[in-house]
Amino acid sequence: MGRIAYVNGRYQPHGEAAVHVEDRGFQFADGVYEVWAVMGGRLSDAEGHFERLARSLRELRIPEPMSRGALTLVLREVLRRNRVRDGLLYLQVTRGAAPRDHAFPDAGTPPTLVVTAKPLDYAALEAKAQRGVAVITQPDQRWGRCDIKTVGLLPNVLAKQAAKEAGAYEAWLVDRDGLVTEGSSTNAWIVDANGRLRTRDTGANILRGVTRNTLIGLAEELQMPVEERPFTVTEAKSAREAFLTAASAFVTPVVSIDGEPIGDGAPGPVTRRLRALYVESARSQAV
Ligand code: PLP
């Protein structure tokens, strides 16, 4: 059985699924997306991703393509048709297809909705997390509304490609003040020289990661307060531990930055504990 994609009301073979040439997602990156981790066929951190999707759409004045209930049915059907038990579910909503014009199309233009799913080998990802990953730093060249999860990801794409070419997993983006904002597709964290957990505050121009938010709650339950406070690249390089969070990576240890080892160059105890805690909680809370 081949992969199936949902496009505007139809479940189609993945290789044939397509949107209109004048879809505004294609023409202007005028759209938003969400990614859920799928664990045992269920959606992890479901509520947080639904809420962020609704917010992204509201901020850009793109109409909701359907009710939350109907959307949930579509998401589950895509998982079922693709037989995904462990993997990622991707959803994109754009402002729809209309004759090319920068201004919004006529009211009533239906938004485009695309949903795809792919399996992931969580055992392989776990092995990668046991080893830890390398990151490099790159200038943050993005626009001023990174709190909205738009498909306008060109600076993120260029940063991730730079990381790949350097043999690293991720690029941490650095603002004009020398402070780390976040990764190209992940949030950035350190356990600082004083043993405190730190990640950039959401007042900054970053995405409010759902994994980040859940992890803050879990850490606080463990009496490990999180300081939502910026850190410099120098602080990150001299941190005891560093890690990143995302639906696609859970909590993944960072063992080097720009080739310089973090701590002793192996995943640290705080990060390993937080990863185990997050994965266990995500699995048990998935719906
Ligand atoms: N930051 C950026 C720029 C991202 O693109 C992502 C995820 O795609 C994240 C952070 C992590 O967000 P989440 O934990 O909701 O997956």
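**Exercise 1. Decide whether A204 is buried or exposed, and state where A204 stands in the chain.**

*Solution.* The relative accessibility of A204 is 13%. In this predicted model, a residue is called buried when its relative accessible area is under 20%. A204 therefore counts as buried. As to its place, A204 belongs to the loop between β11 and α6. A further step relates A204 to E182: the two are 22 residues apart in sequence, and their C-alpha atoms are 9.9 Å apart in space.

**Exercise 2. Identify the salt bridge partner of D175, and describe where the two residues lie.**

*Solution.* The partner of D175 is R200, with the closest N and O atoms 3.1 Å apart. This pair links distant parts of the chain. D175 is in the loop between β8 (170–174) and β9 (180–183), whereas R200 is in the loop between β11 (197–199) and α6, 25 residues apart. Both D175 and R200 are buried.

**Exercise 3. Explain why the salt bridge between R55 and D147 ties together separate parts of the chain.**

*Solution.* Begin with the general principle: side chains of opposite charge can pair when their charged atoms come close. In the pair formed by R55 and D147, the closest N and O atoms are 2.9 Å apart. R55 lies in helix α2 (residues 46–60) and D147 in the loop between β7 (133–139) and α5, so the salt bridge ties together parts that are 92 residues apart in sequence. Both residues are buried.

A second pair may be set beside this one. R142 and D140 also meet through their side chains in a salt bridge, at 2.9 Å from N to O. With a relative accessibility of 16%, R142 counts as buried.

**Exercise 4. State how many salt bridges a search of the whole structure finds, and name the residues of one network.**

*Solution.* The search of the whole structure finds 23 salt bridges. Salt bridges link D192, R196, R198, E227, R229 and E235 in a network.

**Exercise 5. Determine how the axes of helices α6 and α8 are oriented, and name the residues through which the helices meet.**

*Solution.* Helix α6 comprises residues 210–221 and helix α8 residues 269–285. Their axes come within 10 Å and cross at roughly 110 degrees. That angle makes α6 roughly perpendicular to α8, because angles of 65 to 115 degrees count as roughly perpendicular. On the α6 side, the meeting residues are T211, T214, L215, L218 and A219; on the α8 side, they are L274, L277, Y278 and S281.

**Exercise 6. For D45 and Q223, state the sign of phi, the place in the chain and the exposure.**

*Solution.* The general expectation is that most residues other than glycine have a negative phi. D45 is not a glycine, yet its phi is positive, at about 50 degrees. D45 is found in the loop between β4 (42–43) and α2, and it is buried, with a relative accessible area of 18%.

Q223 also has a positive phi without being a glycine, here about 60 degrees. The loop between α6 and β12 (226–228) contains Q223. Q223 is exposed, its relative accessible area being 67%.

**Exercise 7. Describe the surroundings of P225 and of T232.**

*Solution.* P225 has its place in the loop between α6 and β12. Its relative accessibility is 58%, so P225 counts as exposed. Apart from neighbours within four places in sequence, P225 is in contact with L197 and E220. P225 and R198 are 27 residues apart in sequence, while their C-alpha atoms are 8.9 Å apart.

T232 occupies the loop between β12 and α7 (233–237). With 25% relative accessibility, T232 counts as partly exposed. Leaving aside neighbours within four places in sequence, its contacts are with G178, L179 and V180. T232 and R52 are 180 residues apart in sequence, and 28 Å separates their C-alpha atoms.

**Exercise 8. Name the residues of the nonpolar surface patch that includes L154, and give their accessible area together.**

*Solution.* The patch is formed by L154, V157 and L158, which together have about 300 Å² of accessible area. L154 is in helix α5 (residues 154–165). Its relative accessible area of 58% makes L154 exposed, since exposed residues have values over 50%.

Technical notes
Residues numbered from 1 in each chain as written. Predicted model: local features only at pLDDT ≥ 70, side-chain atom pairs only at ≥ 80, totals over all residues. Heavy atoms only, no water. Patch = residues over 30% accessible without salt bridge, like charges linked within 9 Å, V, L, I, M, F, W, Y side chains within 5 Å. Areas by Shrake-Rupley, 256 points an atom, 1.4 Å probe, with all protein chains shown as cover. Salt bridge = Lys/Arg side-chain N within 4 Å of Asp/Glu carboxyl O. Helix = DSSP H or I, 4+ residues; strand = E, 2+ residues; numbered from the N terminus. Buried < 20%, exposed > 50% of the residue type's maximum accessible area, 1.4 Å probe, protein only. Axes fitted to C-alpha atoms, helices over the stretch in contact; angles between N-to-C directions. Parallel < 35°, antiparallel > 145°, perpendicular 65-115°, else oblique. Contact = heavy atoms within 4.5 Å.
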